[in-house]
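The questions below concern how helices pack in a protein model, and each answer works towards the name or value that was asked for.

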Amino acid sequence: MEQIRPELQDDFLLLVNVLPPALQAAVRALPPGEVLEVVMDLGRPPEARLSQGSQRLREEPVAQGDLEHVLSQVGPPGEDNRAGIERTLHRVSAIRNRKGRVVGLTLRVGRAVFGTIDMLKDLIGSGRNLLLLGRPGVGKTTKLREVARVLADDLRKRVMVVDTSNEIGGDGDIPHPGIGGARRMQVSRPDRQHDVMIEAVENHMPEAIIVDEIGTSAEAAAARTIAERGVQLVATAHGNTLENLVLNPTLSDLVGGVHTVTLSDEEARRRNTQKTVSERKAPPTFDIVVEMVGRDEVLVHLDTAEAVDRLLAGREVGGERRRLDGGEVKVEAVAESVAPRPAQKSKAAPAAPAPNAGPTRLYAHAVSRDLLDRVLRELRVDARVVGRLESADLILTLRSRANDPKMRRTVERTGARVEVVKRNSSAELRRVLRSAFMLVEGVDEDLVREAVAEAEHAIQRVLSEGVAVPLAPRPPRLRKLQHRLVSRYHLETVSQGSEPVRHLTIYPLGAEVEAALHESEAEGNA
């Protein structure tokens, strides 16, 4: 069970005390456990970001004197634009203008939370190399700090923490109690992290090394060197999933790397693959990869080599899902092979459309999530962006990534709809989403909903009964909208009649529509 030790709870007040006096009372009034960071940008009102939403601390904008007051309490930021408060885990990050003057500060609350690695304790004690992946803010560094303490205090190992920005062991020369008895080596500049990693092994004889954020090829090479010397390595890296890591040319060596192999005709036939395939290049540096889904949920790949091989072969990666539920660790296996594809009906009778329950769940596949969020707010559609491909009803993907094997496998299994985006731009996303959500400019929303509902009902009849169904007369824009909807279900449509009573008729796929088309053309010319 996660808990903050009493002797460490007062750390929050040390962060509050570096704020300008006018802001201290406002921050003290907030629940300490909910505050993630305090943001101060020149010329804007300061705000506190909480675990749920944010709160403005005052209406008066931040002045240059407010920023200077904070910097005078914590000292000037280093080359990485970060500073800290001695013997705490808090971090103060600066934003500079083009002349180097600080115009913004982010004061991030650092907490030593104990009990966060109960889900991983058996893996840490195994002596195998462990890599943590996850999005920013999911708690990778918090877990890494706890790993250092458990290895040093509970397992009595010689542990060395390579601390690039003093995020793991806190600011100052004396490490924070959160890392227990582990020793800490500070890194003078971020680009020297790989040198310090090697120095730690050569000079201090550790049994385990802890590293936060491996992000360069030099650091990946240093990690491999450490692993080859028999030292246990626990680290985090940029990337949300194992697949992200495999596709990252800089960091793929951490999981064995990827190279292209040309097979003989006989071998290609035996494998039932193309002649040119991607394969793992070498043994992985890390024996185990842990994808952090959330603070209380992880997906564990106990054999990195096997998981990467499955991924490159186009199969499901599998793994072991672990959740912390009421202080108890629950483990369930994730299928390693592709689920059998459901029996498909003929093209003449695809599945009828099912009514949506709740907001449409969108997944951005190689598409900018920030852009997508902004466009969704503009269009005001009933949709929300989800973080996992398997949860999506609608997937937006760049044209260059439309044939991604994992995405296609997931679509086959879940039936999600895929919309292809030509480029990462708000205009292109707006165009695709307008089409996907049947939005029509300049037409009353009630009329749009009525036209869509009528078309969906007619599609159901055509699919189930195999008969042609005429729709009510509609203006050209709404007819075009109905035609787009019908085309998703492999059905035929013919526009019949003349304005203002021109309407669509929906036919089953393969139906004789030539006569209807000739009749429609004659009516249009009349």
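A crossing is called left-handed if the near helix is turned anticlockwise from the far one by less than a right angle, and right-handed if clockwise.

Q: In this predicted model, is the crossing of α15 and α16 left-handed or right-handed?
A: The axes of α15, residues 445–465, and α16, residues 476–487, come within 10 Å and cross at roughly 35°. As for the sense of the turn, the crossing of these two helices is right-handed.

Q: How many residues of the contact of α15 with α16 are nonpolar?
A: On the α15 side the contact includes Leu 447, Val 448 and Ile 459, while α16 contributes residues among them Leu 478, Gln 482 and Val 486. Sorted by type, the residues of this contact comprise two charged, one polar and, as nonpolar, 10.

Q: Why do the buried residues of α12 line one face of the helix?
A: Within α12, residues 369–379, the buried positions are Leu 371, Leu 372, Val 375, Leu 376 and Leu 379. An α-helix has 3.6 residues a turn, so residues three or four places apart point the same way. Seen down the axis of α12, the buried residues line one face because they fall within an arc of 135°.

Q: Which residues are exposed on the other side of α12?
A: The buried residues of α12 pack against β20, β21, β22 and α14. On the other side of α12, the exposed residues are Asp 370 and Arg 377.

Q: Which residue caps the N-terminal end of α12?
A: A side-chain oxygen of the capping residue lies 3.2 Å from the backbone nitrogen of Leu 371. The residue that caps this N-terminal end is Ser 368.

Notes:
Residues are numbered from 1 along each chain as its sequence is written. This is a predicted model: local features need pLDDT of at least 70, side-chain atom pairs count only at pLDDT 80 or more; totals for chains, interfaces and linings use all residues. Side-chain values use heavy atoms; hydrogens and water are left out. Axes are lines fitted to C-alpha atoms, for helices over the stretch in contact, and angles run from 0 to 180 degrees between N-to-C directions. Helices (H or I, at least four residues) and strands (E, at least two) are DSSP runs, numbered from the N terminus. Contact means heavy atoms within 4.5 Å. Ala, Val, Leu, Ile, Met, Phe, Trp, Tyr, Cys and Pro count as nonpolar, Asp, Glu, Lys and Arg as charged, and the others, Gly among them, as polar. Buried means under 20% relative accessible area, exposed over 50%, partly exposed in between (1.4 Å probe, protein chains only). The arc is that of the directions from the helix axis to the C-beta atoms. A polar contact is a pair of N or O atoms within 3.5 Å; within protein, one must be able to donate a hydrogen and the other to accept it, and residues adjacent in sequence count only if both atoms are side-chain atoms.
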